[in-house]
Amino acid sequence: MRQVFIDTETTGLHADMGDRIIEIGAIELVGRERTGREFHKYLQPDRAIDAGATRVHGITNEQLADAPRFQEIVDEFIEFVRGAELVAHNAPFDIGFLDAEIARVGDYQLQSIEKICRVLDTLAEARRRHPGSANTLDALCVRYGIDISHRALHGALKDANLLASLYLAMTGGQMGLFNAEVADKGAAAAEVRSKAEKDSAQAARTLIVRRAGEAELEAHEAFLQELDEAHPDGSLWQRLRVSQLPNIQ
């Protein structure tokens with residue numbers, strides 16, 4: 001099976017309010033193996049990028065001054081994804097933006113990317129497998145032992161590669177993803193847990209119980225007496241002690 005793992009970066013969050021795609025990254029897998037083929041473009045959005053979006057992906061309008069517009073790369077993109085299973089994390093977001101861009105290409109006959117691709121949403125799959133857990137791309141990569149230390153900012157091609165690794169791990173794929181470094185970290189963590197458990201058991205066996213001395217007991221009784229006298233019905237603790245626990249000292 002041929003799959004294309006895709007991610008987009010955008011000017012904002014709302015395709016239906018005019019936000020645009022500014023980066024597309026996609027990589028190809030065939031039979032769960034990376035082929036080395038990829039599609040990566042920065043795009044001129046012809047509108048300002050929201051400051052909040054720039055904080056996420058680090059892309060500015062100045063960086064896109066000479067970038068092509070979507071209509072200039074649409075044919076190349078469509079040929080790259082045609083007939084594949086298109087895999088995205090939170091697919092409705094990316095597909096919504098892609099469909100909005102395609103719709104802007106006035107003479108283009110394709111109405112939706114789903115006319116030429118099957119679409120798989122890994123977010124929906126993750127929620128099915130891990131209900132009630134955090135299922136962001138970052139959280140899932142941590143869960144499955146995928147290194148994200150290099151991911152200071154989002155990036156379409158970078159995230160498409162992470163998504164492919166996550167998908168293979170999440171669906172029981174290549175154990176090679178759990179490389180020696182990850183295995184060593186897992187073993188080290190297990191050793192720390194084991195030592196902590198042993199230390200805890202040892203502490204339980206050597207627990208020292210210190211009982212209150214005579215002066216402390218007298219001070220406690222004096223405090224209870226003050227509480228008892230301060231309330232017209234007496235203190236709840238004294239009433240319980242007398243009525244239900246008469247033997248408490």
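Arg69 is partly exposed, with a relative accessible area of 31%. In this predicted model, Arg69 forms a salt bridge with Asp46. The closest N and O atoms of the two side chains are 2.7 Å apart. Asp46 is likewise partly exposed, at a relative accessible area of 46%. The pair links distant parts of the chain, 23 residues apart. Arg69 sits in the loop between helix H1 (51-57) and H2. Asp46 sits in the loop between strand S3 (33-42) and H1.

The search of the whole structure returned 12 salt bridges. One of them joins Glu28 to Arg2, with 2.6 Å between the closest N and O atoms. Glu28 belongs to strand S2 and Arg2 to strand S1, so this salt bridge ties together parts that are 26 residues apart in sequence. Glu28 is buried, and its relative accessible area is 5%. Arg2 is partly exposed, with a value of 22%. A network of salt bridges links Arg2, Glu28 and Arg37. A further salt bridge connects Asp159 with Arg151. Here the closest N and O atoms lie 2.8 Å apart. Asp159 and Arg151 are both buried.

The secondary structure of the chain comprises 9 helices and 5 strands. From the N terminus, the order of elements is β-β-β-α-α-β-α-β-α-α-α-α-α-α. The chain has 249 residues, and 37% of them are buried. Its accessible surface is about 14,900 Å². Carbon and sulfur atoms account for 53% of that surface. Contacts between residues at least 6 apart in sequence were also classified by separation. Of these, 64% join residues at least 24 apart.

The largest nonpolar core contains 29 residues. Ile24, Phe77, Val81 and Ile113 have the most contacts inside this core. Five elements each supply at least two of its residues: strand S1 (2-10), strand S2 (21-30), helix H2 (70-81), strand S4 (85-88) and helix H3 (91-104). H2 gives the most, with 7 residues. Val81 was examined with its neighbours within four places in sequence left aside. Its contacts are then Arg2, Val4, Leu86, Ile113, Ile116 and Cys117. Val81 therefore touches Arg2, the residue whose salt bridge to Glu28 ties strand S1 to strand S2. Another core lies apart from the largest one and has 19 residues. Among them are Leu29, Cys141, Tyr144 and Leu157.Confidence in the model varies along the chain. The average pLDDT is 85, and 78% of the residues score at least 70. Over residues 174-184, pLDDT stays under 50. For this segment the model has 9 contacts beyond four places in sequence. Where pLDDT is low, predicted coordinates should not be read in detail.

Conventions. Residues are numbered from 1 along each chain as its sequence is written. This is a predicted model: local features need pLDDT of at least 70, side-chain atom pairs count only at pLDDT 80 or more; totals for chains, interfaces and linings use all residues. Side-chain values use heavy atoms; hydrogens and water are left out. Helices (H or I, at least four residues) and strands (E, at least two) are DSSP runs, numbered from the N terminus. Buried means under 20% relative accessible area, exposed over 50%, partly exposed in between (1.4 Å probe, protein chains only). Contact means heavy atoms within 4.5 Å. Accessible areas come from the Shrake-Rupley method with a 1.4 Å probe; for residues, only the protein chains shown count as cover. A nonpolar core is a set of buried Ala, Val, Leu, Ile, Met, Phe, Trp, Tyr and Cys residues joined through side-chain atoms within 4.5 Å. A salt bridge is a side-chain nitrogen of Lys or Arg within 4 Å of a carboxyl oxygen of Asp or Glu. pLDDT is the predictor's confidence in each residue, from 0 to 100.
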